[in-house]
Amino acid sequence: MSVAALARRARGAIGLRGRIVAVVLITTVATLAIAAVLLLGPLEKSLRHTDERALHNAIRGNTAKRFARLPMGTIEGDRHSLRAVIKAIDGLQLQTGGAIVTVLGGGGVHGQGATLVAGDPVPKDVYDDVAYSFQSHKRQFGIVSIGGTEYASAVIPFKVREFIIPPPNRSAGPRLPTGAGGHGLQPSPRPAPPPSRLFQYVIVVRKSITEIPAVVRLITRAFLEAAAAGLVLTLLLGIGLSGRLVARLRRLRRTAIQVEQDGPSSVVPVDRARDEVGDLARSLAAMQERLRQQEEARRAFVATASHELRTPLTSLDGMLELLHDDLEYDDPDITDARELVARARAQSRRLARLAADLLDLSRMDAQVDLRSEPVELGEISRAVLAEFELGADERGIRTVLELRSDAIWALGDPGSIARILRILVDNAIRVSPRGSEIRVRLRQGRTVTLSVCDEGDGVREEEREAIFHRFKRGRDTSGQAGFGLGLAIGRELARRMDGDLALEPAGALGATFTLTLPAAQAEDRDQVEPAVRAPGR
């Protein structure tokens, strides 16, 4: 077995919970490692630099001038001078927080033969770093190691001009005063100033930083302990969270399997958590409810369609059987036979309408796309009314088309608009009494409306919405009941064209059904020639 196959099997064996915990742990460990590198790595160097800067800030800029005014050359023989120097050293020690301060002096301006002048030196301190200050006359700060111990160091140079007093000349006798003529007093000449010499000194400040490694070790230990506690806490939280997440996903998986096995009637558990898994559970529940409703609608549709088909087929079969019996006689009853044929043809046309309605429903359920183009409603209305002219005349019903302009344009599918108008006009003829009038009214504004008004008995208040459902019929149909599919088909077609089909509020007489459609823009309708007839039935 290849390495890739083994890796895939290992991932499958670990499962989602193990992978979540592993990812969380790896992320936590990587974060802590990066934090350790960024924090602990430069920590000791940063602390040393901080101590060095603290010593630099503690030593004031006038320290060298203050020591330059001290009697450095006479401290060996003069206790007052020694006390002044020691006092200055003690003040600098206090100023630097207990640092060790010493003063070194040199035999010349470059500090050759530098020796300890005052102060208690650090044991084993060889002062390797003072030569630069003696030669450059510049301060220097840094970190030095003396006997394995590290110190923050400061070297401050300063100069002192000291007078050289020559020894007295004892070989010459005292000069006697002389007066005028060699016998009076003579003024003695002004003595010359004693010679002086510029001496170079440096102040050496050493402050121990032995606490830095201990602080670093303490911080490192605290960091490692906190990291270990964080890892344990992350592991516990990761296991708990991943376990709860996986349990919820498994519950959804069991539900999906149950829906697959038992159908949409299975109960989906409610997950009220406001997260992605909760959203998934609610989506699954909504989908299951939609499937359940569709299954119930399908069963109801099949049952109702079967019933609606069985009734006219049974009637048609009975009439054909009677017609067959009449024709078996030598002298058949032609009048009765013609009546049976007429009734059979009526049932045949009823079956044809039902088949057409079922075909329309299947197309709508299959989400077949409808066209959206400018349609001139006046021409379509005239063509549809012409189709019903003969049937309306037989019933003594007059049809009227009301237009307020020569052309009214709407956006929609021409065939679907004609289908809706046929449904409305056919229903109006069924319910209208003899001698009444059916008006088709067209209006244009922000939207286009096509209304069909009849003078029948109207629609009961409790049936106003029910009649738009599939296989739902109103009770007052004047004995001309259909299948209860026309208005449902009409409303769905209207809404798929971004319009609607609605029943207007009840008036004094009859019912008014209004189709609302989007109005066509001028630039769109200029590209379309008006239709001369309604699209095919």
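Arg398, Glu402, Glu437, Arg439 and Arg443 are tied into a network of salt bridges, and that's a good place to start looking at this predicted model. Across the whole structure, the salt bridges number 17. The protein chain itself runs to 537 residues, with 34% of them buried, and its fold is built from 13 helices and 12 strands.

**Overall picture**

- Take the contacts in the protein chain between residues at least 6 apart in sequence: 70% of those join residues at least 24 apart.
- The chain's accessible surface adds up to about 33100 Å², and carbon and sulfur atoms account for 55% of that area.

**The network around Arg443 and Glu402**

- Within the network, Arg443 and Glu402 meet through their side chains in a salt bridge, at 3.8 Å from N to O.
- Arg443 sits in strand S9 and Glu402 in strand S7 (residues 398-402), so this pair ties together parts of the chain that are 41 residues apart in sequence.
- Arg443 counts as partly exposed because its relative accessible area is 22%, above the 20% under which a residue is called buried.
- Glu402 is partly exposed as well, with 24% relative accessibility.

**Other salt bridges to look at**

- Asp129 pairs with Arg206 in a salt bridge whose closest N and O atoms are 2.7 Å apart.
- That pair links distant parts of the chain: Asp129 is in the loop between strand S2 (115-119) and helix H5 (131-136), while Arg206 is in strand S5 (residues 196-208), and 77 residues separate them.
- Asp129 and Arg206 are both buried.
- Arg371 and Glu373 form another salt bridge, with 2.9 Å between the closest N and O atoms.
- Arg371 has a relative accessible area of 48%, so it's partly exposed; that value stays below the cut-off for exposed, which is over 50%.
- Glu373 is partly exposed too, at 23% relative accessible area.

**A negative patch on the surface**

- Asp317, Glu321, Asp325 and Glu328 come together on the surface as a patch of negative charge.
- One of these, Asp325, belongs to helix H7, which covers residues 276-328.
- With a relative accessibility of 37%, Asp325 counts as partly exposed.

**Gly435 and its loop**

- Gly435 is placed in the loop between helix H11 (414-431) and strand S9 (437-444).
- Its relative accessibility is 63%, so Gly435 counts as exposed.
- Setting aside neighbours within four places in sequence, Gly435 touches Arg395 and Gly396.
- Gly435 and Arg395 are 40 residues apart in sequence, yet their C-alpha atoms are 7.6 Å apart in space.

**Positive phi outside glycine**

- Lys124 isn't a glycine, but its phi is positive, near 70 degrees.
- You'll find Lys124 in the loop between S2 and H5, and with a relative accessible area of 71% it counts as exposed.
- Asp498 also has a positive phi without being a glycine, at about 65 degrees.
- Asp498 belongs to the loop between helix H12 (486-496) and strand S11 (500-503), where it is exposed, with a relative accessible area of 67%.

How values were computed
Residues are numbered from 1 along each chain as its sequence is written. This is a predicted model: local features need pLDDT of at least 70, side-chain atom pairs count only at pLDDT 80 or more; totals for chains, interfaces and linings use all residues. Side-chain values use heavy atoms; hydrogens and water are left out. Patches are made of residues with over 30% relative accessible area and no salt bridge: like charges are joined within 9 Å, nonpolar side chains (Val, Leu, Ile, Met, Phe, Trp, Tyr) within 5 Å. Accessible areas come from the Shrake-Rupley method with a 1.4 Å probe; for residues, only the protein chains shown count as cover. A salt bridge is a side-chain nitrogen of Lys or Arg within 4 Å of a carboxyl oxygen of Asp or Glu. Lys and Arg count as positive and Asp and Glu as negative; His and the chain ends are not counted. The place of a charge is taken as NZ of Lys, CZ of Arg, CG of Asp or CD of Glu. Helices (H or I, at least four residues) and strands (E, at least two) are DSSP runs, numbered from the N terminus. Buried means under 20% relative accessible area, exposed over 50%, partly exposed in between (1.4 Å probe, protein chains only). Contact means heavy atoms within 4.5 Å.
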